[in-house]
Amino acid sequence: MSQKLPLVLFLMGPTASGKTDLAIRLRQQYPVEIISVDSALIYKGMDIGTAKPDADELSAAPHRLIDILDPSEAYSAADFRRDALAEIAKIHAEGKIPLLVGGTMLYFKALLQGLSPLPAADPEIRKQLEQEAKDKGWQALHDELMAIDPVSANRIHPNDPQRLSRALEVYRISGKSLTELTEVKGEPLPFRVKQFAVAPKDRALLHKRIELRFDKMIQAGFEDEVKALYARKDLHPDLPSIRCVGYRQMWEYLDGDCSFDDAIFRGICATRQLAKRQITWLRSWEDLVWLDSEHIESSMKTLTDAIASDGINCV
């Protein structure tokens, strides 16, 4: 039965592991279309610090779901699932294979397993929560969440206003806790999925790649990119866009909270921590084929063999 379902490819991995290079090479050989699975690449004007594919790369291999939002806007896993399913349908209609590439594991999980039926956002309740946070502080709201939903409160940090306000919003709308509602799962992905993850086998090599990439970002004008965002009156450090690794630390430098060198050091450390979390997610992932970042040719062969075994020919 599953063999008759349309094919979808996942290419996951920690930051700086070489996912984009592999995806572009694969698209040049096979009829695949790339969908970005990255919570930072969605934002316009955030190109350098997100290592967004450049114009030449996007010309050779267009990526869907990048540059779709202003940095002042929020984007949820549910938003991603809706948009990704729409793009997958378009790609299948063209007779091609969707190749989902990125490192936002929550997005992959939401797409693969479905989401719980949570209530839609309520602007009025959000305004109330924002005002309460200004009046009493986020810690007071976290204490409130701890009283009604200790499971979620233990998982959500008091300094994570987006997730904290969402958990309280869900309770105020529905009268049920986030924990109660997430016990009911949504519809799983109705396709046949082949999943791959790329990373260096040696963690030290990944750390080196992260440092080199951060250095390239600085040389490419990352500071000026963040200065342009900082100059906007509608952006602040609590937004999901500004909380992205690198941007948060550069923002702290522009706020006068640390030196430029400290911002770079903190940014590299935060990126390493992100990579560690991504790898932890992937190690618990089922039905995953691992690829080695340091052996691109053998990784490409593993990918192309998997596609060829499905009876799919080169372009």
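This is a short dialogue on how to read some features of a predicted model.

Colleague: Let's start with the sheet. What is the order of the strands?

Modeller: Reading across, the order is β3-β2-β4-β1-β5-β6, in an open sheet of 6 strands with parallel pairing.

Colleague: Which strands stand at the edges?

Modeller: Those are β3 (63-64) and β6 (288-292). Each has a single partner strand, so one side of each is left without a neighbour in the sheet.

Colleague: And inside the sheet, how many bridges join β1 and β5?

Modeller: Strand β1 (residues 7-12) pairs with strand β5 (residues 192-199) over 6 bridges, in the parallel sense. To find one yourself, look at Leu-11, whose bridge partner in β5 is Phe-196.

Colleague: Which strands does helix α4 lie across?

Modeller: Helix α4 (residues 105-113) lies across β1, β2 (32-37), β4 (97-102) and β5. Relative to β1, α4 runs at about 160 degrees.

Colleague: Back to the edge strand β3. Is Arg-64 there buried or exposed?

Modeller: Buried means under 20% relative accessible area. Arg-64, which sits in strand β3, has 18% relative accessibility, so Arg-64 counts as buried. Setting aside residues up to four places away in sequence, Arg-64 touches Glu-33, Ile-34, Ile-35, Ser-36, Glu-87, Lys-90, Ile-91 and Glu-94.

Colleague: Where does Arg-243 lie?

Modeller: You'll find Arg-243 in the loop between α11 (222-230) and α12 (247-254). The cut-off works the same way here: Arg-243 counts as buried because its relative accessibility is 16%. Among the residues that Arg-243 touches are Asp-160, Pro-161, Gln-162 and Arg-248.

Colleague: Pro-161 is in helix α8, right? How do I read a helix like that one?

Modeller: Here's the general idea: an α-helix has 3.6 residues a turn, so residues three or four places apart point the same way. Now the case: in α8 the buried residues are Pro-161, Leu-164, Ser-165, Ala-167, Leu-168, Glu-169 and Val-170. What covers these buried residues includes α5, α6 and α9 (178-181).

Colleague: What span should helix α8 have?

Modeller: At 1.5 Å a residue, the 14 residues of α8 (residues 161-174) should span 20 Å. The end C-alpha atoms are 20 Å apart, which agrees. Just after α8, Gly-175 takes a positive phi of about 80 degrees.

Colleague: You mentioned α5 and α6. At what angle do they pack?

Modeller: Helix α5 (residues 123-136) and helix α6 (residues 138-148) pack at an angle of about 120 degrees, and their axes are 7 Å apart. From α5 come Leu-129, Glu-132, Ala-133 and Lys-136, which meet Trp-138, Ala-140, Leu-141 and Glu-144 of α6. The contact residues divide into 5 nonpolar, 3 charged and no polar.

Colleague: Which residues does Trp-281 touch?

Modeller: Trp-281 is in helix α13 (residues 260-283). Not counting residues up to four places away in sequence, Trp-281 touches Met-105, Leu-106 and Lys-109. At 33% relative accessibility, Trp-281 counts as partly exposed. Positions far along the chain can also be checked in space: Trp-281 and Gly-13 are 268 residues apart along the chain, with their C-alpha atoms separated by 9.7 Å.

Colleague: Last one: how many disulfides does the structure hold?

Modeller: A disulfide is a covalent bond between the sulfur atoms of two cysteines. This structure holds 0 disulfides. Take Cys-269: the nearest cysteine sulfur, that of Cys-258, is 12 Å away. Cys-269 counts as partly exposed, at 26% relative accessibility.

Key
Residues are numbered from 1 along each chain as its sequence is written. This is a predicted model: local features need pLDDT of at least 70, side-chain atom pairs count only at pLDDT 80 or more; totals for chains, interfaces and linings use all residues. Side-chain values use heavy atoms; hydrogens and water are left out. A disulfide is a pair of cysteine sulfur atoms within 2.5 Å. Buried means under 20% relative accessible area, exposed over 50%, partly exposed in between (1.4 Å probe, protein chains only). Helices (H or I, at least four residues) and strands (E, at least two) are DSSP runs, numbered from the N terminus. Contact means heavy atoms within 4.5 Å. Axes are lines fitted to C-alpha atoms, for helices over the stretch in contact, and angles run from 0 to 180 degrees between N-to-C directions. Ala, Val, Leu, Ile, Met, Phe, Trp, Tyr, Cys and Pro count as nonpolar, Asp, Glu, Lys and Arg as charged, and the others, Gly among them, as polar. Two strands pair if DSSP finds at least two bridges between them. The expected span of a helix is 1.5 Å times one less than its number of residues.
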